[in-house]
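Reader: I would like a close look at a single residue of this chain and what lies around it. After that, please place it in the rest of the chain, with the charged pairs and the unusual backbone spots.

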Amino acid sequence: MLFCFLPILQCIFFFFLLFSTFFTSITEAYDPLDPNGNITIKWDVMSWTADGYVAVVTVNNFQQYRHISAPGWSIGWTWAKKEVIWFMAGGQTTEQGDCSKFKENIPHCCKKDPTVVDLLPGTPYNQQIANCCKGGVLSSWAQDPINAVAAFQLSVGSAGTTNKTVRVPKNFTLKAPGPGYTCGPAKIVTPTQFRLGDKRRVTQAFMTWNVTCTYSQFLAQRTPTCCVSLSSFYNDTIVPCPTCSCGCQGNSAQLGNCVDPDSPHLASIVSNTGKNSLTPLVQCTRHMCPIRVHWHIKLNYKEYWRVKVTVTNFNYRMNYSDWNLVIKHPNFDNLTQPFSFNYKSITPYGTINDTAMLWGIKFYNDFLMQAGPIGNVQSELLFRKDKSTFTFEKGWAFPTRIYFNGDNCVMPPPDAYPWLPNTGSRQEPSVLAMVMVSLVALLFEAYA
């Protein structure tokens, strides 16, 4: 039992902080805009062999807007017994392990805890299967469902040759390519059915189990990866990203490695990627974020209003392919036209259409180049006004939340948003007008 020897108010504050920290770390894994998003690993036993089975493993990305970029995914697990992998197609293990006890036929992998990666594009056809060989890149489900699937085949030995003797692997892991995903235990499910090409016959796997992996931004990195800045035509103030949004200069523990864009040795610094090229090398800024999203209220028409959205890459080590934005704003139910981005509505709350997904057009602006003069993409959005809700007051015209590639971006504080100027009915009366009113009142009393 815990006892508190502090004054009662300090005690309450201490427990509130403790609860808040614990609650935050749990809820970071839940995304309210994509509550059912996950990556499912499906393992289908397709045939038996002399000492095991042949299986097809399928990786489905059911996340609406979070994708896996290069250098791609890697999947690991721990065998339940002394299984080995005789051969693979569509994928390969990163290490062979100790296969010294095999004298003639050498397995592909003898490790107790193998790690599998996808094969690269251009792999010979005799090593491929359907949906393989994309270099581990998986599109998000909303962006490109056809390319949100990966697969590989493996022949497992020393595994048992019946449903009763096969043991399900344990401790599944998924890296994409870094941390962030937590995988649950493998669960045996109803065997998968397959419809043949003529669609008149259905076959099924001998045995199937599923593994569900969910993403947590808190586990992926403790600091954010993007921030938001704001501006408008009716106010000269440009609201920048909050200072130290993603880290502070000089603090290497919080994304502190940065480079001055005017440095004469910039090219040599960027080319020296170091041991871990996944670590961002960003342009030195106040916010220190790899990505900045700028929302500018550009024009106001009688029936419409117009916004310009710009995404800028400050990371010298990353070209973002198939990037996407998710923006939450109450006027997206009246979006008329996005001019140079793809658009899809995301409605996690049923009929409420206040969340949009935007991404680049193939071969035009789907590739966000690394930091530099061409390290940005931009588009304009045209909204129809709903007179019952539309206003420029109190920051209504600015988004309430923005995601870049599935990561929540740091927003400026609401009291910093550009406000409407003090005009119209809010204009203060002049001294001359007050004097004239007073004189008129005195004259009126004199003749009354």
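**Arginine 292 and the rest of the chain**

Author: Arginine 292 has a relative accessible area of 26%, so the residue counts as partly exposed. The model is a predicted one. Arginine 292 belongs to strand E18. Leaving aside residues up to four places away in sequence, arginine 292 touches Cys227, Ser229, Cys241, His287, Thr310, Val311, Thr312 and Phe314. Phenylalanine 404 is 112 residues away from arginine 292 along the chain, yet the two C-alpha atoms are separated by 9.1 Å.

Contacts across long stretches of sequence also show up in the totals. Of the contacts between residues at least 6 apart in sequence, 70% join residues at least 24 apart. The secondary structure of the chain consists of four helices and 28 strands. The chain has 448 residues, and 42% of them count as buried. The exposed area of the chain is about 24,600 Å², and carbon and sulfur atoms supply 58% of that area.

Next to the strand of arginine 292 is a backbone feature. Methionine 288 sits in the loop between strand E17 (282-283) and strand E18 (291-300). The phi of methionine 288 is positive, near 60°, and the residue is not a glycine. Most residues other than glycine have a negative phi, and most peptide bonds are trans. Methionine 288 has a relative accessibility of 0%, so the residue counts as buried.

Lysine 394 is another residue with a positive phi, about 55°, although it is not a glycine. Its loop runs between strand E26 (376-384) and strand E27 (401-404). Is lysine 394 buried or exposed? Lysine 394 is exposed, because its relative accessible area is 69%.

Two peptide bonds to proline are cis. One of them joins alanine 70 and proline 71, with omega about 10°. Proline 71 is in the loop between strand E2 (52-61) and strand E3 (74-78). Another cis peptide bond joins alanine 176 and proline 177, where omega is about -15°. Proline 177 also has a loop position, between strand E8 (170-175) and strand E9 (181-183).

Now the charged pairs. How many salt bridges does the structure hold? The structure holds eight salt bridges. One of them pairs aspartate 354 with lysine 328, and the closest N and O atoms are 2.9 Å apart. Aspartate 354 lies in the loop between strand E23 (342-346) and strand E24 (355-359), while lysine 328 is in strand E21 (residues 324-328), so this pair ties together parts that are 26 residues apart in sequence. The relative accessible area of aspartate 354 is 14%, so the residue is buried. Lysine 328 also counts as buried, because its relative accessibility is 17%. The cut-off behind both assignments is a relative accessible area under 20%.

The salt bridge between aspartate 366 and lysine 362 has an N to O distance of 3.8 Å. Aspartate 366 is buried, with a relative accessible area of 12%, whereas lysine 362 is exposed at 51%. In this pair, then, one partner is buried and the other is exposed.

Aspartate 113 and lysine 111 meet through their side chains in a further salt bridge, at 3.6 Å from N to O. Aspartate 113 is partly exposed, with a relative accessible area of 40%. Lysine 111 is partly exposed as well, with a relative accessible area of 22%. A network of salt bridges links Lys298, Arg306 and Glu380.

Which lysines gather in a patch of positive charge on the surface? The patch is formed by Lys82, Lys101, Lys112 and Lys170. Lysine 101 is in the loop between strand E5 (91-93) and strand E6 (115-118). Lysine 101 counts as exposed, because its relative accessibility is 61%.

To return to the starting point: arginine 292 is partly exposed, lies in strand E18 and touches residues that include Cys227, His287 and Phe314. The loop that leads to strand E18 holds methionine 288, which is buried and has a positive phi.

How values were computed
Residues numbered from 1 in each chain as written. Predicted model: local features only at pLDDT ≥ 70, side-chain atom pairs only at ≥ 80, totals over all residues. Heavy atoms only, no water. Helix = DSSP H or I, 4+ residues; strand = E, 2+ residues; numbered from the N terminus. Buried < 20%, exposed > 50% of the residue type's maximum accessible area, 1.4 Å probe, protein only. Contact = heavy atoms within 4.5 Å. Areas by Shrake-Rupley, 256 points an atom, 1.4 Å probe, with all protein chains shown as cover. Salt bridge = Lys/Arg side-chain N within 4 Å of Asp/Glu carboxyl O. Patch = residues over 30% accessible without salt bridge, like charges linked within 9 Å, V, L, I, M, F, W, Y side chains within 5 Å. Lys, Arg positive; Asp, Glu negative; His and termini not counted. Charge placed at Lys NZ, Arg CZ, Asp CG, Glu CD.
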